[in-house]
Amino acid sequence: MARSWLMKSEPNDYAYGDLERDGRTAWDGVRNYQARNFLRDEARPGDRVLFYHSNVQPPGVVGVAEVASEPYPDPAQFDPDSKYFDPKATEAEPRWFVVDLVPVRELPRTVTLAEIKADPALSEMLLVRRGNRLSVMPIADAEADRIVQRAERPADGS
DNA sequence: GCCAACGTTGGC
DNA sequence: GCCAACGTTGGC
């Protein structure tokens, strides 16, 4: 059964618009073991992804994407010229995994982090837990639904 | 630019 | 295996 995820990207690095331009991309460069485990062990084709822009004003969810492949080893870990190169990774024993993403749609407006924090229905999200820095995190389908629905309404509406 | 909160590294 | 030092994330 398809599930929902939230994935963070700095738009200076890779923005939702870049995904629309590319049509498909490997979600590479995840170098955190907890996030890696989510990708490798739980992400499956058809899963819904809320695309979050971090390190930008305002931070928030800007679009919806979909997992479009099974997990596979991150090619960047084997590439000495990549900033994601990992000398300890081997083809036989890869450490890092990716899934491909395809764009679904840009949201009508950004659902900001501040707005998510202010919504009691979203207070259980990992995203708003203190100190959380995961770049890939699971979210409840109902939470994903609510964020997408919020984007259909003005920011001051509830 | 600051800095809190984490994760990782490496000496011992 | 402990833990101090260091690096990174990411909101503000």
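Student: How far apart are the side chains of Arg-109 and Glu-115 in their polar contact?
Tutor: This is a predicted model: local features need pLDDT of at least 70, side-chain atom pairs count only at pLDDT 80 or more, and totals for chains, interfaces and linings use all residues. Residues are numbered from 1 along each chain as written, chains are lettered from A and ligands numbered from 1 in written order, and side-chain values use heavy atoms, leaving out hydrogens and water. A polar contact is a pair of N or O atoms within 3.5 Å; within protein, one must be able to donate a hydrogen and the other to accept it, and residues adjacent in sequence count only if both atoms are side-chain atoms. The side chains of Arg-109 and Glu-115 are joined by such a contact of 2.8 Å.

Student: Which residue offers its backbone oxygen to a polar atom of the side chain of Arg-109?
Tutor: Arg-109 touches several residues beyond four places away in sequence, among them Arg-150 and Ala-151 (contact means heavy atoms within 4.5 Å). At 2.5 Å from a polar atom of its side chain lies the backbone oxygen of Arg-153.

Student: Is Arg-109 buried or exposed?
Tutor: Arg-109 belongs to strand β7 (strands, E, at least two residues, and helices, H or I, at least four, are DSSP runs numbered from the N terminus). Buried means under 20% relative accessible area, exposed over 50%, and partly exposed in between, with a 1.4 Å probe and protein chains only. Arg-109 has 18%, so the class is buried.

Student: How far is the C-alpha atom of Thr-110 from that of Pro-59?
Tutor: Thr-110 is also in strand β7, residues 100–112. With 29% relative accessibility, Thr-110 is partly exposed. Pro-59 is 51 residues away along the chain, yet the two C-alpha atoms are separated by 8.4 Å.

Student: Which residue follows Gln-57 through a cis peptide bond?
Tutor: Most peptide bonds are trans. Here omega is about -5°. The residue joined to Gln-57 is Pro-58.

Student: What is phi of Asn-55?
Tutor: Asn-55 sits in the loop between β3 and β4. At 63% relative accessibility, Asn-55 is exposed. Its phi is positive, though the residue is not glycine, with a value near 55°.

Student: At what angle are the ring planes of Tyr-14 and Trp-27?
Tutor: Rings of Phe, Tyr and Trp (its six-membered ring) pair if their centres lie within 6.5 Å; planes under 30 degrees apart count as stacked, over 60 as edge-to-face and the rest as tilted. There are five aromatic pairs in the structure. Tyr-14 and Trp-27 have ring centres 6.5 Å apart and are edge-to-face, because their planes stand at 85°.

Student: What is the relative accessible area of Trp-27?
Tutor: Its partner Tyr-14 is buried at 15%. Trp-27 is buried too, with a value of 7%.

Student: How many residues apart in sequence are Tyr-33 and Trp-96?
Tutor: Their rings form a tilted pair, 4.7 Å centre to centre, with 35° between the planes. Tyr-33 lies in helix α2 and Trp-96 in the loop between β5 and β6, so the pair ties together parts whose separation in residues is 63.

Student: Over the ring of which residue does the charged end of Arg-3 sit?
Tutor: A charge sits over a ring if NZ of Lys or CZ of Arg is within 6 Å of the ring centre and within 35 degrees of the ring normal. The charged end of Arg-3 is 4.5 Å from the ring centre of Trp-5.

Student: How far is a phosphate oxygen of DNA strand C from the side chain of Lys-117?
Tutor: Residues around DNA strand C include Lys-8, Lys-117 and Arg-133 (near means a heavy atom within 4 Å). Of the strand C atoms that come within 4 Å of the protein, sugar and phosphate make up 74%. A polar side-chain atom of Lys-8 is 3.1 Å from a phosphate oxygen. For an N or O atom in the side chain of Lys-117, the distance is 2.7 Å.

Student: Which side chain has an N or O atom 2.5 Å from a base oxygen of DNA strand B?
Tutor: DNA strand B is surrounded by Tyr-33, Arg-130, Gly-131 and Arg-133. The side chain at 2.5 Å from the base oxygen is that of Arg-133.
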